[in-house]
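Open the model in your viewer and keep a selection panel ready. The stops below go from the whole chain to single residues.

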Amino acid sequence: MNRALLVIDVQESFRRLENWAAVSNPDIVARVNKLVAHARAEGDLVVWFLHAEAGSGTVFDPALGYVRMIDGLVPAEGEPVLTKTSHNAFTTTNLQQQLTERGIRELTVSGIRTEQCCETTTRVAADLGYDVTFVTDATATHPIEHRDAPPGRGLAEILADPRTLSTEEITARTEYALSGRFARIATVEELTGS
């Protein structure tokens with residue numbers, strides 16, 4: 001085993017946000033489960049992450065009960081489940097130590113959000129010397145408002161604003177930024193054969 005699948009923040013918190021209605025990949029659980037089944041069959045490590053912001057009063061506050069896997073995702077016995085408080089999966093966890101102890105040098109990245117925690121983890125991993133595969137269709141994101149947009153707008157207003165970045169634009173930008181620099185881009189089908 002010299003590979004690991006990272007499943008980043010596929011958690012109930014995101015489903016509680018209004019913008020979940022515009023998520024890029026509503027089938028993320030099924031796609032992640034395909035990757036997980038493949039990784040397990042290959043004898044690869046699966047590492048699960050949850051993002052927490054204790055005391056924030058948001059859906060990322062563990063006290064509210066949403067910092068848990070989305071239904072349908074079940075870590076197997078012995079698979080690490082790490083809680084992080086930074087965007088990348090390394091800085092506030094012992095991920096690197098766990099990978100080093102197991103001799104793992106290849107990572108596959110999946111999860112939520114494509115351009116945020118998944119992309120940031122990929123960049124850090126590459127800088128740390130890991131060979132990274134970024135599985136875009138096993139990630140998900142939401143439209144992003146323009147930096148000058150007024151606060152407090154509803155989803156309909158955000159989507160109607162021509163300055164809002166669509167999920168397609170975000171995904172394409174992430175692939176352009178990562179490909180050949182930080183990661184190889186792949187699909188679930190390319191990795192699993194199904």
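What follows is a tour of selections, each with a note on what is there.

**Before selecting**

The model is predicted: local features need pLDDT of at least 70, side-chain atom pairs count only at pLDDT 80 or more, and totals for chains, interfaces and linings use all residues. Residues are numbered from 1 along each chain as its sequence is written, and side-chain values use heavy atoms, with hydrogens and water left out.

**Whole chain**

Show the cartoon. The protein has seven helices and six strands, where helices (H or I, at least four residues) and strands (E, at least two) are DSSP runs numbered from the N terminus. Their order along the sequence is β-α-α-β-β-α-β-α-β-α-α-β-α. The radius of gyration is 16 Å, close to the 16 Å of the globule rule for 194 residues, so the protein is as compact as a globular protein of that length. That radius is taken over C-alpha atoms, and the rule is 2.2 Å times the number of residues to the power 0.38. Along the principal axes, the C-alpha atoms fill a box of roughly 50 × 40 × 30 Å.

Colour by accessibility next. Of the 194 residues, 48% are buried; buried means under 20% relative accessible area, exposed over 50%, and partly exposed in between (1.4 Å probe, protein chains only). For contacts (heavy atoms within 4.5 Å), residues 24 or more positions apart account for 75% of those with a separation of 6 or more.

**Select β1 (3-8)**

Five of the six residues of β1 are buried, so this strand is largely enclosed by the rest of the structure. Two strands count as paired if DSSP finds at least two bridges between them. β1 pairs in the parallel sense with β4 over six bridges and, also parallel, with β2 over five bridges. Add the partners of Val 7: Ser 110 in β4 and Trp 48 in β2.

**Step to Asp 9**

Asp 9 lies in the loop between β1 and α1 (12-15). Is Asp 9 buried or exposed? At 1% relative accessibility, Asp 9 counts as buried. Check its backbone as well: phi is positive, about 60 degrees, although Asp 9 is not a glycine. Most residues other than glycine have a negative phi, and most peptide bonds are trans.

**Select 112-113**

The peptide bond between Ile 112 and Arg 113 is cis, with omega about -5 degrees. Arg 113 sits in the loop between β4 (106-112) and α4 (114-127).

**Select β2 (45-51) and β3 (81-84)**

These strands pair in the parallel sense over four bridges. Trp 48 stands opposite Val 81 in β3. In a regular strand the side chains alternate between the two faces of the sheet. In β3, Leu 82 and Lys 84 point to one face and are buried, while Val 81 and Thr 83 point to the other and are not.

**Finish at Pro 75**

Pro 75 is in the loop between β2 and β3. At 28% relative accessibility, Pro 75 counts as partly exposed. Which residues does Pro 75 touch, not counting those up to four places away in sequence? They are Arg 40, Trp 48, Met 69 and Val 81. For a last distance, pick the C-alpha atoms of Pro 75 and Ala 138: the two residues are 63 residues apart along the chain, and these atoms are separated by 17 Å.
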